[in-house]
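Could you walk me through the fold of this protein chain, with an eye on its sheet and on a few residues that deserve a second look? A short guided tour would be welcome.

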Amino acid sequence: MQEAPRRQRPASNARYRERGFWDARYEQEGAEPTEWFGGLESFREQLEAELKPGDRILVLGCGNSALSYDLFQLGYTDITSIDYSAVCIASMRDRYAHCSGLHWAVMDARFLTFMDGSFDVVLEKGFLDSIMVEEKDLWNVSQEAKILLDQVLTEVARVLQPRGRFISITFAQPHFRKRHYAQRAYNWSIQHIRYGRDFHYFLYIMKKGGALSPSDLALGQSLHRRPSSSSPVCSPLQEPDCENYLFNIQL
């Protein structure tokens, strides 16, 4: 499995929010797999500990990752993968047409068309990172980003069955990302696991019907406090002549 290719980055991070940008990219790349945060083998042990045979799995913002196919190969045979790029979904549907348990749909994660309680597991890997591309301050997230994330997370909580699991794979550290997940309205508990050697990534595991710890509740409440003008701003983690879009994102 190849890692994410080195690409020429666009002039503005705002391009990553444009559907046309991704359509053009998938027209060029097709469904040839590329992976952010490593392929399944990088976190298989941690992920499979949360999965059960027969789980109905939804993958958000699937892109051209092989995650859905790799899980199918392990015996998880009821997997629905969505992306808002019609070009991406057409390519993925063609590539994996021989896998009857893999389902593909063009869909906006803010407005899922599934019935309540349709899935046992919802997965995302890098999707929530990619929709925060214009954020500059790790400590003071814009109101627009808060609303966008809340729309997605509200839909995730809705389509999860009671005791379902939402698993988020990201490089966002707990003191930044857990604030968004630790909201009472989602009705889930949170834990996180770190993986990776030279660079650490995180699996956040939300279990519907569970209770938030006092520390997580406090962290969630901090998201709604008035921004501090003295909070430090982090510099972009990106190389000057190539592109890995996740290193353009301030999280």
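What follows is a tour of the chain as a whole, then its sheet, and then three individual residues.

**The chain as a whole**

Please keep in mind that this is a predicted model. The protein chain holds eight helices and seven strands. Of its 251 residues, 54% count as buried. The chain exposes about 12000 Å², and carbon and sulfur atoms supply 49% of that area. Contacts reach far along the sequence: among those in the chain with a separation of 6 or more, 74% come from residues 24 or more positions apart.

**The sheet**

In what order do the strands of the open sheet lie? Following the sheet across, you meet S3-S2-S1-S4-S5-S7-S6, with mixed pairing. Strand S3 (102-106) and strand S6 (188-195) are the edge strands, each pairing on one side only. On average, neighbouring strands of this sheet are turned by 20 degrees against each other, direction ignored. Helix H4 (residues 86-95) packs on the sheet, where it touches strand S2 (79-83) and S3. The direction of H4 makes about 160 degrees with that of S3.

As a general reminder, strands of a sheet pair through backbone hydrogen bonds, either parallel or antiparallel. Three of the pairings in this sheet are set out below.

| Strand pair | Sense | Bridges | Residues standing opposite |
|---|---|---|---|
| S1 (residues 57-60) and S4 | parallel | four bridges | Val-59 and Leu-123 |
| S4 and S5 (residues 160-170) | parallel | six bridges | Lys-125 and Ile-169 |
| S6 and S7 (residues 201-208) | antiparallel | eight bridges | Trp-188 and Lys-208 |

Strand S4 appears in two of these rows, pairing with S1 and with S5. Is S4 enclosed or open to the outside? Seven of the seven residues of strand S4 (residues 119-125) are buried, so this strand is largely enclosed by the rest of the structure. Leu-123, which stands opposite Val-59, lies in this strand.

**A buried serine in an edge strand**

Ser-189 lies in strand S6, an edge strand that pairs on one side only. Is Ser-189 buried or exposed? Its relative accessibility is 18%, and buried means under 20%, so Ser-189 counts as buried. Which residues does Ser-189 touch, leaving aside those up to four places away in sequence? The contacts are Ile-205, Met-206, Lys-207, Gly-210, Ala-211 and Leu-212. Strand S7, joined to S6 by eight bridges, covers residues 201-208.

**Two residues with positive phi**

Two further residues are worth a look for their backbone angles. Arg-163 has a phi near 75 degrees, a positive value in a residue other than glycine. Where does Arg-163 sit? Its place is in strand S5, the strand joined to S4 by six bridges in a parallel run. Arg-163 is exposed, because its relative accessible area of 68% is over 50%.

Asn-187 also has a positive phi, of about 60 degrees, although it is not a glycine. This asparagine is found in the loop between helix H7 (174-181) and S6. With a relative accessible area of 40%, Asn-187 is partly exposed.

Definitions and conventions
Residues are numbered from 1 along each chain as its sequence is written. This is a predicted model: local features need pLDDT of at least 70, side-chain atom pairs count only at pLDDT 80 or more; totals for chains, interfaces and linings use all residues. Side-chain values use heavy atoms; hydrogens and water are left out. Two strands pair if DSSP finds at least two bridges between them. Axes are lines fitted to C-alpha atoms, for helices over the stretch in contact, and angles run from 0 to 180 degrees between N-to-C directions. Contact means heavy atoms within 4.5 Å. Buried means under 20% relative accessible area, exposed over 50%, partly exposed in between (1.4 Å probe, protein chains only). Accessible areas come from the Shrake-Rupley method with a 1.4 Å probe; for residues, only the protein chains shown count as cover.
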